[in-house]
Number of protein chains: 2
Amino acid sequence: MARKAGSHAEITGPAIREAALKLFARSGYAAVSMREIAAEVGVQAGALYLYTPDKQTLLFELMRGHLEDLLAAWADIPEAGAPADRLEAFVRFHLGYHLNRPDAVFLAYMELRNLTPENFAVIEGLRRRYEAELEQILIAGHEDGSFRMPDARVTAMAMIAMLAGVHVWYRPDGRLTPDRIERIYVRLARRMVKA
Amino acid sequence: MARKAGSHAEITGPAIREAALKLFARSGYAAVSMREIAAEVGVQAGALYLYTPDKQTLLFELMRGHLEDLLAAWADIPEAGAPADRLEAFVRFHLGYHLNRPDAVFLAYMELRNLTPENFAVIEGLRRRYEAELEQILIAGHEDGSFRMPDARVTAMAMIAMLAGVHVWYRPDGRLTPDRIERIYVRLARRMVKA
DNA sequence: CTGATATCTGAACGCACGTTCATATTAAAG
DNA sequence: CTTTAATATGAACGTGCGTTCAGATATCAG
């Protein structure tokens with residue numbers, strides 16, 4: 001864990017983000033000290049400030065990076081297909097992406113309160129953009145008659161919450177494989193819109 | 001807000017819990033100091049220790065009280081009826097109870113990490129008991145053939161997450177009344193089990 | 001009014017925090 | 001080998017934390 005001074009500057013930055021992500025996810029932003037993060041990286045606390053202006057920015061960049069990666073990854077998936085197919089693609093994408101990044105998901109959903117108001121506004125905007133993607137699919141299905149649902153906005157929020165809830169109980173070594181879980185949630189999502 | 005010393009002991013305890021609940025829900029357990037709680041009550045920090053042994057116990061009692069009240073309130077509702085009716089009753093109960101206690105719900109779902117391991121075990125046990133109530137309804141419906149679903153356990157978790165997610169966007173002065181929200185979620189829940 | 005008891009204050013405790021900075025060490029270039 | 005710039009140390013800073021407690025104040029029974 002200990003490293004020699006002056007070396008490996010090109011990997012210290014990412015190592016700090018990785019350590020902070022792991023510790024923030026495990027214990028919460030407020031409960032993790034800069035000294036703990038530094039110890040995880042194998043460095044003294046002062047050295048962290050070569051790579052980040054302060055602790056708040058560290059949290060913010062972690063969350064922003066996660067959400068921007070998420071949006072970019074979703075943007076890479078072709079939009080073609082009927083609403084029912086796009087809904088299935090969204091559910092599979094969301095679960096596949098999130099099951100592989102439990103720490104980042106935890107952070108993005110649990111640490112919003114610890115952002116400064118300006119940073120919160122940025123993160124909240126990114127989150128809304130992602131939720132709007134699902135809402136658009138539901139609206140498209142409603143408009144072409146392939147979906148029937150009580151309220152597109154509420155149904156979208158209910159579906160997002162249902163999907164996000166997976167991270168509460170999912171364990172890589174648990175009873176169900178990711179693919180099996182994806183199939184179950186695709187069925188549940190389809191039923192919610194009667195597709 | 002300031003109160004005379006020596007008076008009103010019989011209301012100070014509840015007032016402290018109320019203040020702590022409000023502040024913990026707003027800013028998070030770690031971000032709220034005992035001095036802030038005391039100021040909200042109109043008292044000096046030292047006086048809090050007449051009513052609670054420490055800050056951790058304050059959080060724990062808040063969460064335990066909420067979950068025990070929740071379980072007691074659900075136990076008061078008659079068990080009679082077909083699984084589909086019991087499912088509707090559960091959804092309506094859950095939303096009705098939670099929409100009126102946004103702070104307690106927030107606490108119970110967000111502050112688990114700030115409990116000591118022993119306290120966490122107690123709270124987690126209560127939470128599982130509540131979730132098991134829904135799971136039992138789903139299993140009963142599966143056994144009598146009135147529900148069809150991919151996996152009772154996963155469906156129960158998905159449904160709980162969907163219901164719990166309401167607190168993220170619900171506002172008392174928003175577009176939808178509690179009754180309208182309840183009806184929407186009853187429909188969504190029914191669809192998830194094809195009832 | 002007199003004590004006894006419950007309640008609260010306000011100062012203090014030791015500690016851990018985020019952050020800074022003078023100094024030391026290292027790597028890389030000439 | 002020498003110089004320079006990048007990188008890291010480790011001590012120190014001011015602050016605010018949870019908690020304690022001696023002393024002040026209020027209530028109330030007799």
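The questions and answers below concern a predicted model.

Trainee: By what rotation is chain B superposed on chain A?
Mentor: The two chains superpose with an RMSD of 0.0 Å, and the shift along the rotation axis is 0.0 Å. Such an operation is the relation of a two-fold axis. The rotation that brings chain B onto chain A is 180°.

Trainee: Which residue of chain B comes closest to the rotation axis?
Mentor: The answer rests on the C-alpha atoms of chain B, where the closest approach to the axis is 2.3 Å. The residue at that distance is B:Met162.

Trainee: What percentage of the interface residues of chain B are also interface residues in chain A?
Mentor: The copies meet through the same surface. This follows because the interface residues of chain B are also interface residues in chain A, and the share is 100%.

Trainee: Which residue of chain A meets B:Asp151 in a salt bridge?
Mentor: The N to O distance of this salt bridge is 2.9 Å. B:Asp151 lies in the loop between helix 6 and helix 7 of chain B, while its partner lies in the loop between helix 8 and helix 9 of chain A, so the pair joins two chains. B:Asp151 is buried at 11% relative accessible area, whereas the partner is exposed at 58%. That partner is A:Arg175.

Trainee: How many residues apart are B:Glu182 and B:Arg92?
Mentor: Their side chains meet in a salt bridge, with 2.9 Å from N to O. B:Glu182 belongs to helix 9 of chain B and B:Arg92 to helix 4 of chain B, so that the pair links distant parts of the chain. B:Glu182 and B:Arg92 are separated along the chain by 90 residues.

Trainee: Is A:Glu124 buried or exposed?
Mentor: A:Glu124 forms a salt bridge with A:Arg128, their closest N and O atoms being 3.8 Å apart, and both residues lie in helix 6 of chain A, 4 residues apart, or about one turn of the helix. A:Arg128 is partly exposed at 48% relative accessible area. Buried means under 20% relative accessible area, and because A:Glu124 has a relative accessibility of 16%, it counts as buried.

Trainee: How far apart are the end C-alpha atoms of residues 33-52 of chain A?
Mentor: In an unreviewed entry, UniProt places the feature "DNA-binding region" at these residues. The span is 40% helix and 0% strand, and its end C-alpha atoms lie apart by 14 Å.

Technical notes:
Residues are numbered from 1 along each chain as its sequence is written. Chains are lettered from A and ligands numbered from 1 in the order in which they are written. This is a predicted model: local features need pLDDT of at least 70, side-chain atom pairs count only at pLDDT 80 or more; totals for chains, interfaces and linings use all residues. Side-chain values use heavy atoms; hydrogens and water are left out. UniProt positions are given in the numbering used here, feature names are shortened, and annotations may be inferred rather than shown by experiment. Copies are superposed by least squares on the C-alpha atoms of residues with pLDDT of at least 70 in both. Contact means heavy atoms within 4.5 Å. A salt bridge is a side-chain nitrogen of Lys or Arg within 4 Å of a carboxyl oxygen of Asp or Glu. Buried means under 20% relative accessible area, exposed over 50%, partly exposed in between (1.4 Å probe, protein chains only).
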